[in-house]
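Reader: I would like a close look at one part of this model, the aromatic ring pairs. Please keep it brisk.

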Amino acid sequence: MVTEVRRTPTGISGFDEVAVGGLPAGRSTLVTGTAGSGKTLFALEFLARGIMKYEEPGVFVTFDETPEDLRSNVASLGFDIARWERDGKWVFVDVSAVEEEMLSVGGYDLGGLIARVEHAVAQVGAGRISLDSLGTLLIRFQDRELIRRELARLTRRLESVGVTSVLTTERDSEYDGLTRHGVEEFVLDNVLIIRNVLRNERRRRTLEIVKFRGTTHRTGEWLFTIDPTEGLVVVPLAFLAPREQASRARVSTGTPGLDEMVGGGIFRDALALVTGPPGSGKTLMALQFADAAFQAAERSLFYVFDETRDQLYRSAAGWDMDLEAMESSGLLRITAGYPEEASVEDHFLSVRRDITDFAPSRLIIDSLSALERRGAPRTLLDFVIALGALAREHEITTLFTSSTSSDTWAPVPAASAMEVASITDVTILLRYAENAGVVQRIVAVLQSRGSPHDPTVRRVGIDHAGLRVGDPYTTGSRLFPDPDVPPPDRRPER
């Protein structure tokens with residue numbers, strides 16, 4: 001009979017879902033990463049969350065930073081380490097001030113350190129311990145076999161006293177080798193990599209569980225961010241508890257003709273994607289979606305990028321929508337700004353906080369294309385997955401917009417938009433068509449999961465009353481142009 005390995009939950013937001021319950025209990029886990037990747041924060045938060053959530057005391061062994069610096073660095077997270085020290089819940093073993101001659105290569109081994117750690121564990125009855133960072137210690141040993149032997153000795157003693165431990169160490173690059181010495185990962189049963197990759201001027205933090213020997217874990221790289229108030233947050237939170245039952249209630253899009261095309265409105269817990277080139281009506285459709293919530297006395301949360309609040313107010317006023325009054329009523333909350341103000345992951349945290357605080361019935365993100373400037377397409381997809389999981393859990397009807405090429409004859413969505421469309425429930429395509437020298441707007445519903453929808457392409461008109469869907473469009477250029485036929489030459493005549 002196989003004995004299931006017990007888990008020690010870290011309490012780190014999103015990580016225990018990836019680790020399928022937490023770190024293997026009573027064992028040592030190696031956390032490896034380059035400088036600035038977040039190793040020390042992981043080690044600190046592992047102990048802090050243990051005290052705050054599980055009343056489990058901890059020991060922190062520091063080889064680099066002083067206890068004073070560590071206390072200060074995490075104060076913004078609400079970690080009152082000094083108080084925990086006074087209460088006998090946290091103790092430091094400070095190796096950063098050990099005299100240099102004691103660290104001489106000749107006679108130094110880990111015996112003294114092990115004795116100090118065991119004393120600290122007994123002193124507070126610790127169930128958790130973090131050692132940060134082994135690299136400073138192991139560099140004292142020039143022989144790889146000596147490193148292997150001493151490290152194995154340390155982990156055996158830690159396991160013998162029954163603590164769950166985190167040991168951090170350095171690596172020189174993000175994707176070449178697991179550790180600097182190439183030994184540590186073979187000694188420890190559990191290995192976690194934290195990465196901080198910069199590509200094409202875009203930074204992406206991920207973590208990956210390389211191995212949990214004898215037990216299961218989620219594979220692959222998982223996006224995370226470091227929030228000044230929440231600490232480490234793993235995104236996507238794709239393993240939120242699913243709702244027991246999908247909603248069968250429908251809500252209006254705010255555009256009557258579009259409601260007809262999607263079978264009477266979209267389901268209350270649906271994710272909808274509206275794509276189209278600039279000027280095709282995406283933001284107007286989003287405004288009408290928010291106005292429909294206001295008319296139904298429901299709250300809506302509107303995130304707009306690449307446009308200021310006043311610009312959005314002015315645009316809405318053109319169609320007799322008073323956004324300022326809607327906000328004053330408490331039924332609308334608008335967050336306007338530029339995507340460059342924060343990372344995609346931090347924008348997710350902002351939306352998540354607003355959902356918790358404001359409890360909206362509807363959510364609008366306008367637009368995903370602007371956010372893509374701050375992250376790779378994969379990061380954007382993680383953002384949508386995480387936000388979608390959160391929205392479904394709270395039964396929030398969600399509308400995303402995404403820009404496609406401004407080319408009138410372009411065959412619609414960019415690759416990232418198509419990936420997003422694969423996880424949304426409703427996909428609405430706006431685009432331009434040319435007929436007898438006149439540019440017209442058209443709309444099509446490409447998918448509406450769980451519901452019949454109108455397959456016809458329809459005309460779209462925008463006037464003083466807003467965006468309206470009209471009759472079927474049967475002439476002019478096709479919705480999906482033949483890729484073998486080049487677009488007309490629209491260069492001006494000489």
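Reader: To set the scene, how many helices and strands does the protein chain have? Then take me through the aromatic pairs.

Author: This is a predicted model. The protein chain has 16 helices and 22 strands. Of its 494 residues, 55% count as buried.

Now the rings. A pair of aromatic rings is described by the distance of the centres and the angle of the planes. The count here comes to seven aromatic pairs. Take Phe15 and Phe42: the ring centres lie 5.3 Å apart and the planes meet at 85 degrees, so this pair is edge-to-face. Phe15 belongs to helix H1 (residues 15-18) and Phe42 to helix H2 (residues 39-54), so the pair ties together parts 27 residues apart in sequence. Both Phe15 and Phe42 are buried.

Next, Phe60 and Phe92. Their centres are 5.9 Å apart, with the planes at 70 degrees, so this pair is edge-to-face too. Here the link runs between strands: Phe60 is in strand E4 (residues 58-62), Phe92 in strand E5 (residues 90-94), and 32 residues separate them. Phe60 has 0% relative accessibility and Phe92 has 13%. Both values fall under 20%, so Phe60 and Phe92 count as buried.

This pair is part of a cluster. Ring pairs join Phe60 and Phe92 with Phe79, Trp84 and Trp90.

Charges also meet rings. The charged end of Arg299 sits over the ring of Phe358, 5.1 Å from its centre. Arg362 lies over the face of Phe289, and the distance to the ring centre is 4.6 Å.

Key
Residues are numbered from 1 along each chain as its sequence is written. This is a predicted model: local features need pLDDT of at least 70, side-chain atom pairs count only at pLDDT 80 or more; totals for chains, interfaces and linings use all residues. Side-chain values use heavy atoms; hydrogens and water are left out. Helices (H or I, at least four residues) and strands (E, at least two) are DSSP runs, numbered from the N terminus. Buried means under 20% relative accessible area, exposed over 50%, partly exposed in between (1.4 Å probe, protein chains only). Rings of Phe, Tyr and Trp (its six-membered ring) pair if their centres lie within 6.5 Å; planes under 30 degrees apart count as stacked, over 60 as edge-to-face and the rest as tilted. A charge sits over a ring if NZ of Lys or CZ of Arg is within 6 Å of the ring centre and within 35 degrees of the ring normal.
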